[in-house]
Amino acid sequence: MIVRTPSRIHLTLIDLEGSLGRVDGGIGIALEEPHILLEVEKTDELEIEGRLKNKALSAARAFLSHYKINGGARVAVKEAYPEHIGLGSGTQLSLAVARALSEVYEIKADIRELAYIVGRGGTSGIGTAAFEKGGFIVDGGHSTEDKPYFLPSRASRVKPAPVILRRDFPDWQIALIFPKEETRISGKTEVNVFKKFCPLPVNQVERLSRIILMQLLPALVEENIENFGRAINSIQEVGFKAVEVGLQKREVIETLRAAQKASFGAGLSSFGPVIYALVDDKKKLENALRDRVKGIIFTKASNKGADFYEAY
């Protein structure tokens with residue numbers, strides 16, 4: 001079984017205040033590039049090859065243990081992109097391994113169940129939904145009865161949040177910008193960020209919700225890239241996204257501001273350091289960021305989720 005996944009950008013978490021009985025909530029877009037490509041076949045022992053071996057091994061062990069499978073598998077990660085840069089490689093790789101194993105072992109399980117088994121989606125449901133169907137996604141967060149705390153996905157043992165909106169994203173060009181200077185936030189550092197800054201003031205959540213409901217979503221439906229970009233720029237200044245931006249090195253923040261001036265709108269994906277921008281002029285963006293970045297990838301939204309092929 002061969003699996004090719006999308007990546008994703010995470011625009012923002014919505015509600016880290018929680019007084020309405022739900023926490024988290026998120027918005028994201030699945031991308032064509034970069035991607036993860038892996039091959040899985042049933043074997044007697046568990047063998048892991050290629051990149052991100054520890055992540056693939058962890059997902060495979062979790063799946064085999066959950067279903068009490070005595071056999072193993074050969075998991076070969078052919079193509080991958082780095083962890084902890086804001087593009088969701090951990091979730092995409094873990095789900096790809098679990099989904100491929102469910103096929104080779106003929107086990108019926110929906111993607112949200114597999115995400116729970118491999119420990120993904122405990123805060124944001126965007127990565128799981130991007131893997132399943134792609135497109136533009138809004139998830140509705142978690143009930144505070146199920147999750148009465150503020151923690152990142154890797155530290156939360158709940159199923160992915162329900163998707164409340166999934167829509168094909170327009171054929172707009174999206175630039176992924178890799179700053180020269182970067183801060184990668186993960187593990188205990190990420191947990192401590194949630195503990196320090198949450199709950200957020202309710203007025204921050206309300207302001208963000210208004211931007212989403214009355215600017216971002218109408219611009220998406222009307223395919224108005226200028227207004228969509230303005231909403232993205234506004235989101236960087238409010239709620240938990242403002243926290244994420246504020247934790248970046250000065251050089252990353254300056255790169256974000258320069259990208260905003262050279263595009264319709266730009267934002268930090270998740271905790272970064274990758275910045276995304278909506279563009280129609282590649283050269284304008286490249287010239288504006290020439291001395292600030294390690295590289296720029298130009299891609300578009302993926303509106304179909306992961307692909308699966310039989311290996312021959």
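**Helix packing and cores in a predicted model**

Student: Leaving aside its neighbours within four places in sequence, what is Leu 52 in contact with?

Tutor: In this predicted model, and with neighbours within four places in sequence left aside, Leu 52 is in contact with Ala 80, Tyr 81, Glu 83, Ser 89 and Leu 93.

Student: And where does Leu 52 lie?

Tutor: Leu 52 lies in the loop that runs between β3 (46–50) and α1 (53–66). Measured against sequence separation, Leu 52 and Ala 98 stand 46 residues apart, while their C-alpha atoms are 15 Å apart in space.

Student: How do the axes of α1 and α2 cross?

Tutor: The two axes come within 9 Å and cross at roughly 40°, so α1 and α2 are oblique to each other, and their crossing is right-handed.

Student: Which residues of α1 and α2 meet there?

Tutor: From α1 there are Lys 55, Ala 56, Ala 59, Ala 60 and Phe 63, which meet Gly 90, Leu 93, Ser 94, Val 97, Ala 98, Leu 101 and Ser 102 of α2. The residues of this contact divide into eight nonpolar, three polar and one charged.

Student: Switching to the cores, how many residues has the largest nonpolar one?

Tutor: The largest nonpolar core has 65 residues, and those with the most contacts inside it are Leu 11, Phe 136 and Phe 228. Helix α2 (residues 89–104) gives the most to this core, with eight residues. A second, separate core has 16 residues, including Ala 175, Val 245, Leu 268 and Val 293.

Student: What does Phe 136 contact, beyond four places in sequence?

Tutor: Among its contacts are Leu 11, Ile 27, Ile 29, Leu 165, Phe 169, Leu 216, Leu 220 and Phe 228.

Student: Leu 216 and Phe 228 sound like α6 and α7; how do those helices cross?

Tutor: The axes of α6 (residues 202–222) and α7 (residues 225–235) come within 8 Å and cross at roughly 160°, and the two helices are therefore roughly antiparallel, with α6 passing α7 in a left-handed crossing. The α6 residues in this contact include Leu 208, Ile 211 and Leu 216, and those of α7 include Phe 228, Ala 231 and Ile 235. The contact divides into nine nonpolar residues, three polar and one charged.

Student: Last one: is α8 largely enclosed or not, and why?

Tutor: Helix α8 (residues 239–246) is largely enclosed by the rest of the structure, because six of its eight residues are buried. Those buried are Gly 239, Phe 240, Lys 241, Val 243, Glu 244 and Val 245, and they pack against β1 (2–15), α5 (187–197), α6, α7, α9 (250–261) and β9 (265–268).

Definitions and conventions. Residues numbered from 1 in each chain as written. Predicted model: local features only at pLDDT ≥ 70, side-chain atom pairs only at ≥ 80, totals over all residues. Heavy atoms only, no water. Axes fitted to C-alpha atoms, helices over the stretch in contact; angles between N-to-C directions. Helix = DSSP H or I, 4+ residues; strand = E, 2+ residues; numbered from the N terminus. Parallel < 35°, antiparallel > 145°, perpendicular 65-115°, else oblique. Left-handed = near helix turned anticlockwise from the far one by under 90°. Contact = heavy atoms within 4.5 Å. Nonpolar A, V, L, I, M, F, W, Y, C, P; charged D, E, K, R; others polar. Core = buried A, V, L, I, M, F, W, Y, C linked by side-chain atoms within 4.5 Å. Buried < 20%, exposed > 50% of the residue type's maximum accessible area, 1.4 Å probe, protein only.
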